[in-house]
Amino acid sequence: MGAEGNRVRDALNALFDERTAAPAAGADTGPREDLTLPGRAPWRGGLHPVRQVVDEICEIFRDLGFSRVAGPEVETAEYNFTKLNFPLDHPAADMHDTFYLGEGTLLRTHTSPMQARIMEAHAPPIRVVIPGTVYRRDPFDASHAPAFEQIEGLAVDEGVTFADFKATLALFVLRFFGPDAKTRFRPSYFPFTEPSAEVDVSCMICGGSGCSACKGTGWMEIMGAGMVHPNVFKHAGIDPERYTGYAFGMGPGRIAMLRYGITDIRLLYEGDVRFLGQFA
Ligand code: PHE
């Protein structure tokens with residue numbers, strides 16, 4: 001038994017030495033690392049989904065001849081309301097729950113004050129889009145945020161008609177939402193446009209047959225719009241007998257939610273990279 005044990009030990013030691021011996025110079029030891037494997041890419045960050053939608057929308061309007069401008073977030077009540085034909089103490093002002101900063105100073109409740117600023121500073125023809133943040137005293141819940149994005153649009157020239165307005169926005173819808181998207185204009189009211197409309201697009205989740213995202217209607221509202229009110233022209237020193245125009249205001253955050261099927265707006269504003277990273 002002892003002799004047999006020694007023989008087995010010697011055989012195992014010999015095999016062990018063979019395996020652990022330094023390879024002879026020039027021997028092919030085979031690859032130790034696969035240099036063709038892809039590396040681990042560092043996290044580079046990316047644009048926020050709302051910012052991506054803003055850029056995409058502004059590019060579509062750029063192709064239609066609209067330039068992109070920015071405006072102040074701290075506004076005066078005069079530009080936010082008065083110059084836009086909000087009658088003082090009229091219930092229309094209640095449409096906006098305003099953060100006041102002081103006497104006559106506020107955080108803009110919409111991007112529309114830029115309509116007045118641009119018309120005061122530039123003679124027609126005017127074609128601009130104005131993306132930016134707006135503020136409202138809304139509770140922060142699944143469908144409201146106290147600060148959110150809007151994109152204002154304004155086109156003013158001689159002979160701009162309601163047909164131009166409808167055609168331009170319908171073309172925008174086709175470019176942004178795809179060739180199957182349908183557009184619907186519903187009568188509405190804003191103090192600074194007449195006539196006013198709300199623009200709906202066929203539901204991008206169900207295609208118009210009705211689902212929970214569109215509450216069974218087949219349509220989703222994407223903007224308020226209308227023909228510039230003559231009083232807004234007058235306040236800005238533009239002759240309403242000579243010039244006409246249209247304006248629109250849309251919510252790119254809302255549009256991002258519709259497009260990606262996001263049901264809670266807080267996801268867009270809480271900055272959780274596990275969520276945002278999906279759009280980078
Ligand atoms: N400013 C309006 C809002 O915030 C939207 C709008 C813009 C309507 C331009 C008409 C024309 O609800």
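Trainee: Which residue of strand 9 stands opposite Ser196?

Mentor: The model is predicted: local features need pLDDT of at least 70, side-chain atom pairs count only at pLDDT 80 or more, and totals for chains, interfaces and linings use all residues. Residues are numbered from 1 along each chain as its sequence is written, and side-chain values use heavy atoms, with hydrogens and water left out. Strand 8 and strand 9 are joined by eight bridges and run antiparallel. Opposite Ser196, in strand 9, stands Gly226.

Trainee: What is the order of the open sheet of seven strands?

Mentor: Strands (E, at least two residues) and helices (H or I, at least four) are DSSP runs, numbered from the N terminus. Two strands pair if DSSP finds at least two bridges between them. The pairing in this sheet is mixed. Its order is 1-5-6-10-9-8-7.

Trainee: Which strands stand at the edges of that sheet?

Mentor: An edge strand here has a single partner strand, so one side of it is left without a neighbour in the sheet. At one edge, two bridges join the parallel pair of strand 5 (residues 126-135) and its partner, with Arg68 opposite Val129. The edge strands are strand 1 (67-68) and strand 7.

Trainee: How many bridges join strand 6 to strand 10?

Mentor: Strand 6 also pairs with strand 5, antiparallel, over ten bridges. There, Thr133 has Glu149 as its bridge partner. Strand 10 runs antiparallel to strand 6, and Asp157 stands opposite Thr244. The number of bridges joining strand 6 to strand 10 is seven.

Trainee: Why is strand 6 largely enclosed by the rest of the structure?

Mentor: Buried means under 20% relative accessible area, exposed over 50%, and partly exposed in between (1.4 Å probe, protein chains only). Strand 8 is mostly covered, with eight of its ten residues buried. Strand 6 is largely enclosed because the buried share of its eleven residues is nine.

Trainee: Which residue in strand 8 is the bridge partner of Phe185?

Mentor: A hairpin joins strand 7 to strand 8 through two residues. The two strands pair in the antiparallel sense over seven bridges. In strand 8, the partner of Phe185 is Val199.

Trainee: At what angle does helix 5 run to strand 9?

Mentor: Helix 5 (residues 162-177) lies across strand 7, strand 8, strand 9 and strand 10. Axes are lines fitted to C-alpha atoms, for helices over the stretch in contact (heavy atoms within 4.5 Å), and angles run from 0 to 180 degrees between N-to-C directions. Helix 5 runs to strand 9 at about 150°.

Trainee: Which strand gives the most to the lining of the largest pocket?

Mentor: On a 1 Å grid over the protein atoms alone, a pocket is an open set of points where a 1.4 Å probe fits, with protein on both sides within 12 Å along at least five of seven lines; lining residues have an atom within 4 Å of a point. The largest pocket has a volume of about 1,400 Å³, the space filled by probe spheres set on points joined across faces, edges and corners. Of its 49 lining residues, the closest to the centre are Ser143, Glu221, Ile222, Gly251 and Arg254. The most, eight residues, comes from strand 9.

Trainee: How many charged residues are in the lining of the largest pocket?

Mentor: Asp, Glu, Lys and Arg count as charged; Ala, Val, Leu, Ile, Met, Phe, Trp, Tyr, Cys and Pro as nonpolar; the others, Gly among them, as polar. The lining has 22 nonpolar and 17 polar residues. Its charged residues number ten.

Trainee: What is the average twist from one strand to the next in the sheet of three strands?

Mentor: This open sheet has the order 2-4-3, with antiparallel pairing. Its edge strands are strand 2 (74-76) and strand 3 (100-102), each pairing on one side only. The twist averages 40°.

Trainee: Which residue is joined to Glu194 by a cis peptide bond?

Mentor: Most peptide bonds are trans. Another cis bond joins Pro124 and Pro125, with omega of about 5°. At Glu194, omega is about -5°. The residue joined to Glu194 lies in strand 8 and is Pro195.

Trainee: Is Lys215 buried or exposed?

Mentor: Lys215 is found in the loop between strand 8 and strand 9. Its phi is near 50°, a positive value in a residue other than glycine. With a relative accessible area of 73%, Lys215 is exposed.
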